[in-house]
Amino acid sequence: MTYKVAVVGATGVVGREMLNILHERKFPVSEVVALASRRSVGRDVMFGDKHIKVKALDEYDFRGTDIALFSAGGATSKEWAPRAAAQGAIVIDNSSFWRMDPDVPLVVPEVNPDALAGYTKKGIIANPNCSTAQLVVALKPLHDRAKITRAVVATYQSVSGAGNEGVTELERQTKQILVNDPVVREKFTKQIAFNVIPHIDVFMDDGYTKEEWKMTAETRKILDPKIKLTATCVRVPVFIGHSEAVHLEFENPISAEEAREILSTAPGVQVLDRREDAGYITPLECAGDYNTFVSRIREDFTVENGLAMWIVSDNLRKGAALNAVQIAEALAARHLKKQAA
Ligand code: A2P
Ligand code: 11C
C-alpha cells in the first residue's frame, strides 16, 4: 500500500528534514505534496533528487491525502490541523498546539507506541518538543528498570530549534562580530553569537519558561504522570543538536554500569561513554544521525539512587522530523493497513 503525504511547512528547517527522512527511509509514498505559506508558492524543495514545487496551504484540499505532516508553527496547526483531519488526512503535528489535548496522543514510538491508537478521536497525533523527545527515549528503559521519581535537566539547545530565522541569526551575528560590524538582533531575546541565553519561549507566572514547562508536562504525558521534573532550558550558539545534562533519582537502586548496559540495547539510543577525549558525544557529531546519544553516565552521590548523564540528539531529526516519520511508519504498519483490509 502507498500513501499520499503532504508536508506542511515544507520550506522550513523541520519540513525539509521531513522530506529528506521520508525519502531516506523509503516511506511508501504514492505522491508527496509540499505546502507552505503563499510567500513560498512556486519555490522548489527537494524530495530525494526530485524538485517539488511548493503550493499554498490555504488553497490546498486535503481530500485524498492520507497523511499530513505539519511543522509550520502552532497558529497554523491550530487552524489547519482540524481542517485537514476533517477532509480525511491523518495529521502528525510537530507544533506545541495539540500536545496536551487529552484527545490527541503525544507519541514517541520507542516509548509509548500504544498511545497511537487514540488518533481516531481527532485525527491528530502530536509530536513532542525536540528536547522532550530525546529525553524520554533515554529515560524510558531506565524508568522500566528502576522507576525514575525525579529528574533535573539543563538543556543546551541549538538555534535550529527556532527555525530558519534562528539559523540565519547565528550566521549573521557571527559574521558581524568577526568583521566588527554592529550586531543586529531580530529573533532571539539577546545576542546569540558567542553567548548563551537562558530563555526559550515565553515566561510563565511561576518563573519558568514555557519551554521548561513543556518538558515537564510532555514527559509526564508520554512516560509517567508521577515523574517530578524541573528544567532550565538554554539556547546556545550551535546550529544543530540539542544537549542535555540530566540528573535522575530512582525509587530502586541502579548503578552506572547497569544503566550503560540497559541503554546500550535500548531502541533509538546509542551509548558512547568512555573516559577519554573521543569517548563522549557533542552536538556537532550527532547532526544528521537518527540516534539519541548518551555519554558521561555516572552515579550521582548526592542522592540515594541517583544517576547523572549527558544526552544529545539531532533536534531536527529525532526531535522533530524523524519522530514524525516514525509515527507515520507505525500508523502505516498497525492502523492504516487494518482499515484497508
Ligand atoms: P514559508 O517559508 O512560506 O514562510 P521554520 O520553522 O524553519 O521557521 O519554517 C516554518 C515553516 O512554516 C515554513 O515552511 C513556513 O513557510 C511555514 N509557514 C509559516 N506560516 C505559515 C502559514 N501561515 N501557512 C503555511 N505555512 C506557513
Ligand atoms: C526550540 N524546542 O529549541 C524549541 C523548538 O514546542 O515545538 C520547538 C518548540 C515546540 O526552540
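This passage describes the surroundings of ligand 1, the setting of R99 and the helix α1 in a predicted model.

A good place to begin is the ligand. Ligand 1 is surrounded by 18 residues, and the closest of these are G12, S37, S40, A72 and G163. Two elements, α1 (13–24) and α4 (163–178), each give two or more residues to this shell. Sorted by class, the shell holds 10 polar residues alongside six nonpolar and two charged ones. Both domains take part in the shell: domain 1 (3–128 + 320–340) and domain 2 (131–315) each supply at least three residues.

Helix α1, one of the contributors to that shell, is worth a look of its own. The helix has 12 residues, and the distance from its first C-alpha to its last is 16 Å, close to the 16 Å expected at 1.5 Å a residue. Most of α1 is covered, with 10 of its 12 residues buried. The buried stretch includes V13, V14 and G15, and R16 and E17 are also among the buried residues, as are M18, L19, N20, I21 and L22. After α1 comes K26, which has a positive phi near 55°.

Attention now turns to R99. An unreviewed UniProt entry places the feature "binding site" at this residue. In the model, R99 sits in the loop between β7 (90–93) and β8 (124–126). Is R99 buried or exposed? R99 counts as buried because 22 other C-beta atoms lie within 10 Å, where the cut-off for buried is 20 or more. Leaving aside residues up to four places away in sequence, R99 touches L106, A126, P128 and E218.

Definitions and conventions
Residues are numbered from 1 along each chain as its sequence is written. Chains are lettered from A and ligands numbered from 1 in the order in which they are written. This is a predicted model: local features need pLDDT of at least 70, side-chain atom pairs count only at pLDDT 80 or more; totals for chains, interfaces and linings use all residues. A residue is near a molecule or strand if its C-beta atom, placed from the backbone, lies within 6 Å of it. Helices (H or I, at least four residues) and strands (E, at least two) are DSSP runs, numbered from the N terminus. Ala, Val, Leu, Ile, Met, Phe, Trp, Tyr, Cys and Pro count as nonpolar, Asp, Glu, Lys and Arg as charged, and the others, Gly among them, as polar. Domain bounds come from an automatic or database domain assignment. UniProt positions are given in the numbering used here, feature names are shortened, and annotations may be inferred rather than shown by experiment. Two residues are in contact if their C-beta atoms, placed from the backbone, lie within 7 Å. The expected span of a helix is 1.5 Å times one less than its number of residues.
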